[in-house]
Amino acid sequence: MTNSKPNKILIVGGGTAGWMAANLLVSKWQDVEITLVESEDIGIIGVGEGSTPHLKLFFDTIGVSDEQWMPRCNATYKNGISFDNWSSLAGFESYFHPFAAQTDDVFTLPLFFKHIRARMQGLNVDAHPDRYFLETYLTRQHLGPLPAESFPFGMAYGYHFDSARLGQFLAEQAQAKGVTRLIGHVAEATLDQVGNLSYVQLNDGRQLAADFFIDCSGFQALLLQKSLNVGFRSYKDSLFNDAAVVMPSAAPQVLPVETRSIALSNGWAWKIPLTNRFGNGYVYSTGYINADQAETELRQHLGLLDADVEARHLAMRVGRVDKHWHKNCLAVGLSQGFIEPLEATAIALSFNTIAQFIQCFEQSQFSHQYQQAFNQNINGRFDGIRDYIVCHYKMNRRADTDYWRDNAANQQISDNLKQILTLWHHSPDFAGDMLKHNLIGSYQPKSWACMLAGYGIFPNRPLQQPADLRAYQQEMATLGDFIRRCGLNFKPHAELL
Ligand SMILES: Cc1cc2nc3c(=O)[nH]c(=O)nc-3n(C[C@H](O)[C@H](O)[C@H](O)COP(=O)(O)OP(=O)(O)OC[C@H]3O[C@@H](n4cnc5c(N)ncnc54)[C@H](O)[C@@H]3O)c2cc1C
């Protein structure tokens, strides 16, 4: 590559990742010729219906409002995720994980940490996360995340959406801004003398050349892994799930503002509310249960045992590539890696990958100067999310099947995760020490604390009343009142849609 802006970019793949890349690139580099080629024979994966606040950031970046895209994609708002039945400890059977970065946390988070510390010291105080966050209250009251204008705190929220419709919407947006869409099946890619991608050859004989290639070919990983031979690092020693079965169920009467993640015998099931249906799926490990058993269990769980509803079965390859940007190719989406969908992080990773690539490439005058730093950064994001998800399994409090027992006993966890767990058990200042030891990556201390306190990871010993019981009760009453009064600024979810 020379130090000049590419004239032609070819994106291979028209799933969510491909069209997100097309939109971001065309918004940023209007003078570059951008073409996207997708295969009709392969199609898109067609799952992935939950997001983090990064999807809002993406739409803000390309200048699309909620009103423009949400109705087209049967989308609903999301305040966070409920984790149900991951722990069988009395009082900790369920907890809610709100999104990070809300400024009202300034008032509520310190009290949460204070009571976690007190609980660690054996005091009988409420350290369950569900009492401490506005989003949890909003979710229980079916209130959406958009506050009245006068509300002084910022809110972060995600969405639920129909992924096929989102793809179509994004394709229209990108084409309206000048991206060319081609239908064609890439048979192979050809490299030049220095090992850069030169052109791809389609089955019908067409050759598509470009200066830069974006590999969004999904689990096929055509360019980066197959043509450029970039290595893949599997996460399967710490994340056992490798398959999913998916089926819809009837639209809810009242639209929830949360994804539910419900632990089943050998994995977990998602329940995602769209305006016209629920999306459901069971993510499981084929080492413990086969596809038929998983489908039957999901049908039982949904009350659809005898219903005429089609199920889709999917295989998942969990892990990441060693380098996301190599030579003149960037991989985005499933082609760069996949962490199972427990925290719905795939779109966030795609967005971060493209946005950071654009920034690094521009900053280095379109050279490869920052390629290594970029790859390290994206690897860190993947590994950080993996650690957080592994922690759900490692710290589960169920003992009903080998699957849950093996997950709890698994020693294949990263040094970072070991350190975080040590801090949880022993540090008098969990959040401060995470910062001090450089352990804050993809998830803030708030998220870690919600998970660990939500599962009831506290010393198992008799609890004592706090010395100043009245002061404690007063604090909790003030907290509850603060959250309830904040809640007055929010409308019912249904009114926002
Ligand atoms: C069970 C499951 C649940 C998920 N849940 C979530 C979630 O809740 N939230 C979230 O953010 N993500 C989720 N994901 C991930 C999400 O689905 C993907 O990250 C997202 O859809 C992007 O996929 P993609 O565009 O990389 O690949 P795909 O959608 O698979 O698209 C691949 C594209 O490449 C094209 N292609 C492939 N081979 C060729 C070829 N030879 N020639 C030309 N074109 C080709 C195909 O035609 C297609 O257009 C989930 C994934 C799974 C498996």
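**Exercise 1.** Work out which residues Thr259 touches, not counting residues up to four places away in sequence, and whether Thr259 is buried or exposed.

*Solution.* Begin with the contacts, where contact means heavy atoms within 4.5 Å: leaving out residues up to four places away in sequence, Thr259 touches Lys78, Gly80, Ile81, Ser82, His160, Lys271 and Ile272. The model is a predicted one, in which local features need pLDDT of at least 70, side-chain atom pairs count only at pLDDT 80 or more, and totals for chains, interfaces and linings use all residues. Residues are numbered from 1 along each chain as its sequence is written, and side-chain values use heavy atoms, with hydrogens and water left out.

Next, consider the side chains of Thr259 and His160, which are joined by a polar contact of 2.8 Å (a pair of N or O atoms within 3.5 Å; within protein, one must be able to donate a hydrogen and the other to accept it, and residues adjacent in sequence count only if both atoms are side-chain atoms). Finally, Thr259 has a relative accessible area of 6% and is therefore buried (under 20%, with a 1.4 Å probe and protein chains only).

**Exercise 2.** Find which domains give residues to the shell around the ligand, and which polar atoms of Ile45 and His185 face the ligand.

*Solution.* Domain 1 (8-70 + 161-235 + 320-384) and domain 3 (243-315) both give residues to this shell, so the ligand lies between them; the domain bounds come from an automatic or database domain assignment. A polar backbone atom of Ile45 is 3.0 Å from an oxygen atom of the ligand, while an N or O atom in the side chain of His185 is 3.5 Å from a nitrogen atom of the ligand.

Technical notes. Buried means under 20% relative accessible area, exposed over 50%, partly exposed in between (1.4 Å probe, protein chains only).
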